[in-house]
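Biologist: Got a minute to go through this one with me? Put it up and we'll take it piece by piece.

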Amino acid sequence: MAGIILDDKEHALERIEYIKSLNYTDKEYKKNLRKHMFKYKTRANGILIKRMTAEQELFMFETYGYKNLEKYALDILEQNIQYCNVLEQDTHSKQIEKTIEYMEESNNKEYLLSLKDFATKTAYNWYIPVDRLINWIDCYMIQRDVFFEYASNEQTLLFAPNYFTDSVLLMMVETDNIEEDYEADIDTIVNVYDTLVKGISKILEELPEEQMIENLFTISDEKKEENSKIISQLAKDYYNYIEESSDEEETETGN
């Protein structure tokens with residue numbers, strides 16, 4: 001949610017109903033999107049994901065197809081509503097409690113199976129987008145706590161470098177299955193996701209009382225700049241840590 005345009009809860013709910021009412025085939029969707037792009041030219045936003053340009057939405061469609069694009073758009077809006085619900089909580093403890101509740105709701109096989117078409121595999125590792133975790137990590141500014149615990153050489157369950165370049169965080173799941181058979185590895189994937197949910201929940205439970213969720217509707221330019229500096233420094237520290245860890249590992253292996 002951090003870094004993207006949010007709808008207020010009322011508009012997000014209306015948008016969900018609108019998208020659910022659409023029933024395009026791939027051909028119909030592409031035809032309508034192209035008409036939309038022709039009409040609005042360079043100002044054209046997507047039909048399903050208004051936060052994207054029409055060109056970006058077309059690229060997603062050509063990569064994943066209409067049904068997956070629709071599913072993705074609805075998931076973004078549901079996360080938007082969850083964020084609004086957390087923001088409505090008036091105390092630190094209630095915000096944390098509500099956030100953990102939403103993370104736990106996604107902590108199931110059905111949700112992880114829904115990510116199948118967005119996952120990629122290289123050699124023995126699956127790389128799976130974990131938007132429902134990264135959003136809460138961003139909103140509470142707990143990247144350092146999470147990355148040094150779960151995206152380092154010690155315990156690599158998250159692939160973080162993409163986060164610093166394009167705000168994408170991937171869950172990395174090792175498997176001894178060389179085939180690109182996501183469903184065959186689903187139990188392993190579920191176990192890794194469960195570890196992350198429980199780990200991030202623990203970090204949230206231990207946050208200081210004054211560290212409330214960031215209100216992205218009213219966040220100031222000064223606060224955005226401050227956050228940007230924190231993330232830039234984190235990127236340097238993180239890369240240095242990984243490099244030093246790799247050097248130590250090579251030294252030990254050489255001995």
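Modeller: Bear in mind that this is a predicted model. One place to begin is the end of H7, which is followed by Met141, with a positive phi near 50°.

Biologist: And H7 itself, which residues does it span, and is it enclosed or not?

Modeller: H7 covers residues 131-139, and eight of its nine residues are buried, so the helix is largely enclosed by the rest of the structure.

Biologist: Which ones are buried in H7?

Modeller: Arg132, Leu133, Ile134, Asn135, Trp136, Ile137, Asp138 and Cys139.

Biologist: What covers them?

Modeller: The cover includes the helices H4 (66-87), H5 (92-105) and H6 (109-113). It also includes H8 (143-150), H9 (161-166) and H10 (186-205).

Biologist: Back to backbone angles. What sign does phi have in most residues other than glycine?

Modeller: Negative, in most of them.

Biologist: What about Ala123, positive or negative phi?

Modeller: Positive, about 50°, and Ala123 is not a glycine.

Biologist: Where does Ala123 lie, and is it buried or exposed?

Modeller: Ala123 is in the loop between strand E1 (120-122) and strand E2 (125-129). Its relative accessible area is 62%, so Ala123 is exposed, the cut-off being over 50%.

Biologist: Now Ser167. What is its phi?

Modeller: Ser167 has a positive phi of about 60°, and it is not a glycine either.

Biologist: Which loop is Ser167 in, and why does it count as exposed?

Modeller: Ser167 sits between H9 and strand E4 (170-174). It counts as exposed because its relative accessibility is 54%, and exposed means over 50%.

How values were computed. Residues numbered from 1 in each chain as written. Predicted model: local features only at pLDDT ≥ 70, side-chain atom pairs only at ≥ 80, totals over all residues. Heavy atoms only, no water. Buried < 20%, exposed > 50% of the residue type's maximum accessible area, 1.4 Å probe, protein only. Helix = DSSP H or I, 4+ residues; strand = E, 2+ residues; numbered from the N terminus. Contact = heavy atoms within 4.5 Å.
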